[in-house]
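Student: I have a structure to read and would like to go through it one feature at a time. Where do we start?

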Number of protein chains: 2
Amino acid sequence: MSASSQTPIDEPPSADDDSSKAVSKKAAKKEAAKQEKLRRRQEAAAESAISSLNVEDDPLSANYGDVPLSDLQSKEVKSIENWTQVGSLTPELKDKYVILRGRVQTIRAVGKKMAFLVVREKGFTVQCVLSEQPELVSRQMVKYVDGLSRESIVDVEGVVSVPNVAIKGASQQVEIQVRKVYCISKAMPTLPINIEDAARSEAEIDKALQAGEQLVRVNQDTRLNYRVLDMRTPANQGIFRIQCQVSTMFRQFLLDENFVEIHTPKLIGGSSEGGASVFRLDYKGQPACLAQSPQLHKQMAICGDFGRVFEIGPVFRAEDSYTHRHLCEFTGLDVEMEIKTHYSEVMDIVDRLFVAMFDSLNEKCKKALEAVDKQYPFEPLKYLRKTLRLTFEEGIQMLKDAGVEIDPLGDLNTEAERKLGQLVLEKYGTEFYILHRYPLAVRPFYTMPCYDNPTYSNSFDVFIRGEEIISGAQRVHVPEFLAERAQACGIDVKTIETYIDSFRYGAPPHGGFGVGLERVVMLFCGLNNIRKTSLFPRDPQRIAP
Amino acid sequence: MSASSQTPIDEPPSADDDSSKAVSKKAAKKEAAKQEKLRRRQEAAAESAISSLNVEDDPLSANYGDVPLSDLQSKEVKSIENWTQVGSLTPELKDKYVILRGRVQTIRAVGKKMAFLVVREKGFTVQCVLSEQPELVSRQMVKYVDGLSRESIVDVEGVVSVPNVAIKGASQQVEIQVRKVYCISKAMPTLPINIEDAARSEAEIDKALQAGEQLVRVNQDTRLNYRVLDMRTPANQGIFRIQCQVSTMFRQFLLDENFVEIHTPKLIGGSSEGGASVFRLDYKGQPACLAQSPQLHKQMAICGDFGRVFEIGPVFRAEDSYTHRHLCEFTGLDVEMEIKTHYSEVMDIVDRLFVAMFDSLNEKCKKALEAVDKQYPFEPLKYLRKTLRLTFEEGIQMLKDAGVEIDPLGDLNTEAERKLGQLVLEKYGTEFYILHRYPLAVRPFYTMPCYDNPTYSNSFDVFIRGEEIISGAQRVHVPEFLAERAQACGIDVKTIETYIDSFRYGAPPHGGFGVGLERVVMLFCGLNNIRKTSLFPRDPQRIAP
């Protein structure tokens, strides 16, 4: 790749002296000092001027510099196989000539003849060494590199070397002896947040504070305002790779079990599942809203004979929740399936799916989990090979036995969920379990009551570390009964008529569940806020960036 | 599974006779006929009454009947391995006792002692035979089955037999000698549309018309109004399984190429990418809109160092388009990636991804494609092992050479696209090709102009059967230039400030593309309307069901 030579802009020498003044002894001394200062300045200016000229005169000037835009506008098709990824730099490549593209993470100049440049690509870093050598590296080239701004994108070419001592400041245990370096994209000199500040753990900040040093702590809002920078931390690179693995496993497991992936509409006529927490909009003159879940349509796909379906897509909740675990828009992982005799068939899928998912995360996302753990330390999730199932009544009893006052037919609040999580962990040694047979009154209208006691329902929630991640149930598949239940729950049956009608054409018994993707990642990694696991979170106060 | 016995409701015998009338000879004959008629009626009534009583007296009454709701409310956990899928019924299962669940597709009674019941499950059908036999099948049981409404869900138990002649009316070449049959869910007696009407091809309708028979043709709107029924046709079962395979291949290919799956927000502050075709809404007092594509956020994920990302999610367009290929909500398959030197790197991904996808569709979706072809006949897609790439200028030249008048710097209209598709097919033997280097003026503001001629751009469209399915390009990664381009395209730069700022922190050259999932399925299968490939389509006039 050709590159234009670079002309550093140096400050012109100061010219605020006047040598034609009258001279006294004292003044003479002052003048001498002034002259000396001027001389030094002129010398520096001269050196600077020479060095500035030298870039153009430098016979090596083609080996470094800023790449002009025109060279980045797809001028030439080249094989991308020439490039080596930073993460794949190993001692086996010793003496090989490589080309890298990455970001300037840090630069450390040692005098004028040497500089260390750490280049980062996708969380991996390598130390690149510039050392003045005739016909290879000029002093101007060292200076050019020293002047690069952090987070700029550079192409580095050089020879892989393996130092005798371990390299502390980079992930890869090789160095690059730089031969060429070009800047592809310049970052602004002062960034709103520094990556190393954003990547710092609370423990590091505390430790420094004890040693009398105040390090920068980047707060959540600032991170989210400059999410593009925040994303570059090793922990965030890890979090979103873990998130990707969660949905990959979800999908792969279900496809292997003969589920069909569907896409249901997010724009809904009428009022979705009812309730206040719905975003309303005008749809070509008709009142419409955003789907609060794919609930109604995924059930309709079951009535349409797809047998077993799943969907991964956005879910919209206009709730005024300012908690650590609610978002106005999140990614729903939804499942719906015919059942033959019992809602335990649905819980069986949950059980096997999530055990397989956790196993795969621990196996395939080791580096990502380490990166998260480094900034946000957490204990690996404890889960059983066969997931524990407790009835709601059993859960209530455990809480009562532990002295917790609780309504046996009410929903569990956050505190009770946490407490029960603790009790379950102590008694059964798991942080992942299913609680089923919830009171009917706390479940949505389409939930099937229990055959033996209509106070309870064929429903379940699933918990990780004492917080709910999944809600599921058998659904009412009898249209008359469904309409009756909707009415009993205060829903205007007219707004969901096509949904209820779907069951008049013959409907198999069925059930399903919904999972919050961001919650799974948050709780698997023991993170304290769901905003950490949403790329661009939306809450009642945030709709940007 | 236990089942309640059923009491058929028979009409009471007519009682409009009066035998106390005066009798003449003529009247005597008339009276005799009347008496005979009455006698027959009474006999029939008696038989009917007996048969109606007999259900309760029938020693076999536990072997058939409607299952009460309480038995379907997860009364008992049973192994689902007992069930056999209709699609897996083969002659190897001869003499085996099987349990099936499926829909009543057709019932044909032969006298009072025999009935043929065709049961359908996920598009597969099997003929079930009820034949009166002592201690096995009662006449009442035959009658019960004859009274079932079409599309009701039934559990059938029986023995697999293999007839000597081919079975015409069902997909599986075995019969079930029924021993038990229970109705799980009753469909209403008269359905808004019949599945066999909805499944009929135009050719069948035309053929019948030539023979003087007028068959029902279900029009598009009726289908969509009763989508849950329409979904059950073999063609639709096929279409949505093909759709699932398209997104599965898309994802699998990209994951194997080190892409990361992301989820970007659909709720956007400001005005998304600008333009009129945006759904606006109120977001907690702030003006917001629905994302017209993940364009801005997927680019921001590239600025955030994910290197290569993809997303599958809904895309919202408030366009007043009433064409066969536009929807107000569709599923976008989006890709964005760093490029080293040239946007051809993006086209390489398109090329390999889609060839692999088409191969896998032809290989893995044979039955689904056959089902679609049966109702909507089409020729398999012609595509090359290495996808053809033409420049826009070459395309224009081909059109000109064919006598088409065309603006060399305007966009191609639908007609020109079709014509070019024909010309390309004739010349190169492919219905899938890439057209690149589009005029800059017809592309979005974030498109990178060509290095050698700013009238053109580093962009491309991809066509199947003469219709566009993909748009892609290298993007402008220089913030100042990006702002300048936005302004030149009439976009208020303030509304996209965070997006433009993302490039100030150092941004790698990158490019990407967006695909419409529904269009890919529509055009791969040669379908004539995009509403056929959306489960619940949304157009300017339709927001239900």
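Tutor: With surface. Accessible areas come from the Shrake-Rupley method with a 1.4 Å probe. Keep in mind that this is a predicted model.

Student: How much area does chain A expose, and what share do carbon and sulfur atoms supply?

Tutor: Chain A exposes about 23,300 Å². Carbon and sulfur atoms account for 50% of that area.

Student: What percentage of the residues of chain A count as buried?

Tutor: A residue is called buried when its relative accessible area is under 20%. By that cut-off, 57% of the 545 residues of chain A are buried.

Student: How many helices and strands are there in chain A?

Tutor: Chain A has 15 helices and 17 strands. Its radius of gyration is 32 Å, well over the 24 Å that the globule rule gives for 545 residues, so chain A is more spread out than a compact globule. Along the principal axes, the C-alpha atoms of chain A fill a box of roughly 110 × 55 × 55 Å.

Student: What do the contacts in chain A say about separation in sequence?

Tutor: Take the contacts between residues at least 6 apart in sequence: in chain A, 70% of them join residues at least 24 apart.

Student: Now a local feature. Which strands pair with β3(B)?

Tutor: Strand β3 of chain B covers residues 114-121. Strand β2 (residues 97-110) of chain B pairs with β3(B) in the antiparallel sense, over 7 bridges. Strand β4 (residues 124-131) of chain B also pairs with β3(B) in the antiparallel sense, over 8 bridges. To place the strands, use single pairs: V110(B) has M114(B) as its bridge partner, and R120(B) stands opposite T125(B).

Student: What do the turns look like, and which residues there have a positive phi?

Tutor: The hairpin of β2(B) and β3(B) has 3 residues between the strands, and G111(B) in the turn has a positive phi of about 65°. The hairpin of β3(B) and β4(B) has 2 residues between its strands, with K122(B) at a positive phi near 45°.

Student: Is β3(B) mostly covered or mostly open?

Tutor: Mostly covered: 7 of its 8 residues are buried.

Student: Last, the two chains. What turn and shift lay chain A on chain B?

Tutor: A turn of 180° with a shift of 0.0 Å along the axis does it, at an RMSD of 0.3 Å. That is the relation of a two-fold axis. In chain A, the C-alpha nearest the axis belongs to L281(A), 2.5 Å from it. The same surface serves both copies, since 100% of the contact residues of chain A recur in chain B.

Methods. Residues are numbered from 1 along each chain as its sequence is written. Chains are lettered from A and ligands numbered from 1 in the order in which they are written. This is a predicted model: local features need pLDDT of at least 70, side-chain atom pairs count only at pLDDT 80 or more; totals for chains, interfaces and linings use all residues. Side-chain values use heavy atoms; hydrogens and water are left out. Copies are superposed by least squares on the C-alpha atoms of residues with pLDDT of at least 70 in both. Contact means heavy atoms within 4.5 Å. Buried means under 20% relative accessible area, exposed over 50%, partly exposed in between (1.4 Å probe, protein chains only). Helices (H or I, at least four residues) and strands (E, at least two) are DSSP runs, numbered from the N terminus. Two strands pair if DSSP finds at least two bridges between them. The radius of gyration is taken over C-alpha atoms; the globule rule is 2.2 Å times the number of residues to the power 0.38.
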